[in-house]
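User: I'm new to reading structures and would love a close look at one part of this one. Could you walk me through a single helix?

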Protein chains: 2
Amino acid sequence: MDDTTARILVVDDEEALADMVASALRFAGYAVTTESNGFDALRIIKNRLPDLVVLDVSMPEIDGFEVCRRIRRDGLQVPVIFLTARDDIDDLRTGFKQGGDDYLTKPFSLEELGLRIEALLRRARGTDETPRLVVGDVLLDERAHQVFRDDKEVTLSPTEFRLLRFLMLNRGRVMSKPQIVDHVWEYDFDGNTGIVETYVSYLRRKLDDADGSLIQTVRGVGYVIRPSS
Amino acid sequence: MDDTTARILVVDDEEALADMVASALRFAGYAVTTESNGFDALRIIKNRLPDLVVLDVSMPEIDGFEVCRRIRRDGLQVPVIFLTARDDIDDLRTGFKQGGDDYLTKPFSLEELGLRIEALLRRARGTDETPRLVVGDVLLDERAHQVFRDDKEVTLSPTEFRLLRFLMLNRGRVMSKPQIVDHVWEYDFDGNTGIVETYVSYLRRKLDDADGSLIQTVRGVGYVIRPSS
DNA sequence: GCGAATCCTCACCCCGTTCTCAGCAACCTC
DNA sequence: GAGGTTGCTGAGAACGGGGTGAGGATTCGC
């Protein structure tokens with residue numbers, strides 16, 4: 001790919017998790033490398049200077065905070081996103097003091113991670129334009145976390161918001177239910193894909209889309225959001 | 001073919017299935033190798049570095065997930081498509097999370113598999129252009145899962161869509177009814193080929209092609225789709 | 001802590017889809 | 001043109017995908 005492709009390093013001692021994240025980020029168009037060990041990660045960061053690092057906090061030998069501190073000590077300003085278990089959330093303040101830029105608690109959804117990464121990269125590049133999604137007369141404001149239909153605000157729950165955002169990001173493209181679950185729900189969600197139907201139903205009601213002309217069902221395939229037609 | 005011919009490894013302990021898949025993929029122009037054993041597959045992957053791996057999940061000794069994990073552990077980023085039984089569908093997203101890039105539940109249709117493979121290879125090459133098929137005034141948009149005839153949208157059921165896509169992919173080439181059944185229907189379909197006639201009839205009606213000038217019948221041989229000359 | 005919002009499962013119902021079959025039309029051969 | 005073969009299409013039965021309401025569990029906010 002061209003030189004605008006961001007290079008991301010994912011560091012997590014749970015290799016399965018690192019692989020999952022890497023796979024999703026590659027799908028999103030990034031060039032991804034994984035590491036399962038803090039020391040190796042440090043070496044890679046210094047040698048390859050990635051554009052962003054996703055860093056697990058709890059790792060044996062040398063934890064994420066320590067890795068970050070050492071990066072900063074070397075004067076590297078690469079953006080860092082911490083991954084941490086919910087129980088360790090208290091440590092996060094420590095994390096920020098160590099020079100982290102953002103964090104996510106496990107389990108997270110891949111959409112969430114992608115968003116944080118985008119935001120950090122935008123900031124690093126200095127091209128920090130407002131991320132607004134528009135499809136037809138539906139407007140989704142990322143930063144304000146607000147949704148409007150026909151200039152009237154619609155109140156959505158967190159999950160409803162993530163689902164709508166995902167569909168709008170992929171406007172015009174049919175997304176299958178497993179795909180949706182994999183991206184919108186937390187990665188350890190083990191329920192069936194029926195949950196998607198329920199939330200599409202919620203969204204249609206709140207968005208005044210009872211006939212499904214906005215969020216369209218493609219029977220046997222999935223869902224799309226389309227400008228109108 | 002030239003050096004752009006992708007090399008694919010198919011791994012499945014049901015050799016009959018592996019052979020069937022291999023045969024279809026060779027017909028589609030790929031260079032295919034098969035393996036029925038996870039360990040042998042690992043060896044092959046490391047030595048020959050295929051462009052893509054089709055990997056059955058349930059295999060004795062070492063299952064597909066484990067193979068994938070080991071591939072990733074060695075730092076290989078070859079795209080992987082998992083094949084899995086419908087009953088194991090819960091494991092599927094797990095599989096995705098093990099670093100697999102896509103998955104299909106058995107039984108699948110060969111067309112479906114071919115499509116996924118194309119999509120993954122496109123992604124790996126970074127040339128991710130919109131896949132659109134055009135024959136005469138019929139347009140089929142893969143991503144949006146939409147079909148237009150003469151700029152008017154036509155609503156097709158899943159099977160109708162797959163059939164039309166297959167014919168359009170093979171435009172100008174007469175496809176026999178058994179060939180069509182083998183590619184468009186799931187591979188364990190055991191009905192007769194009369195089903196093709198029924199669905200061609202559906203398509204002609206929906207595509208406003210009552211006289212069969214678009215989808216042409218070649219008596220005793222099969223069907224072709226041609227730019228209505 | 002308490003009430004409210006949210007999340008998720010489940011079950012029921014509707015209807016689109018799939019597939020078979022039978023009758024008929026088109027075509028070919030002799 | 002007769003008879004056989006092949007293809008077309010309407011009817012209808014069985015199936016299953018999808019919508020939605022109810023309700024229980026959980027989390028959130030104050």
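Which residues are exposed on the other side of α2(B)?

Analyst: Happy to help! Keep in mind that this is a predicted model. The exposed residues on that side of α2(B) are B:D40, B:R43, B:K46, B:N47 and B:R48.

Now turn to the buried side. Helix α2 of chain B covers residues 38-48, and within this helix B:G38, B:A41 and B:I45 are buried. These three lie on the same side of α2(B), because the arc they cover around the axis is only 55°. A general rule helps here: an α-helix has 3.6 residues a turn, so residues three or four places apart point the same way.

What do the buried residues pack against? Their partners, also in chain B, are the strands β1 (7-11), β2 (31-35) and β3 (52-56), along with helix α3 (64-73). One more detail sits just after α2(B): there, B:L49 takes a positive phi of about 45°.

For a comparison, here is how two other helices of chain B meet. Helix α6 (residues 158-169) and helix α8 (residues 194-206) pack at an angle of about 90°, and their axes are 10 Å apart. With that angle, α6(B) and α8(B) are therefore roughly perpendicular to each other. On the α6(B) side, the contact is made by B:T159, B:E160, B:L163 and B:L164, while α8(B) brings B:Y199, B:Y202 and B:L203. Sorted by class, the residues of this contact are five nonpolar, one polar and one charged.

Key:
Residues numbered from 1 in each chain as written. Chains lettered and ligands numbered in written order. Predicted model: local features only at pLDDT ≥ 70, side-chain atom pairs only at ≥ 80, totals over all residues. Axes fitted to C-alpha atoms, helices over the stretch in contact; angles between N-to-C directions. Helix = DSSP H or I, 4+ residues; strand = E, 2+ residues; numbered from the N terminus. Parallel < 35°, antiparallel > 145°, perpendicular 65-115°, else oblique. Contact = placed C-beta atoms within 7 Å. Nonpolar A, V, L, I, M, F, W, Y, C, P; charged D, E, K, R; others polar. Buried ≥ 20, exposed ≤ 12 C-beta atoms within 10 Å, placed from the backbone. Arc of directions from axis to C-beta.
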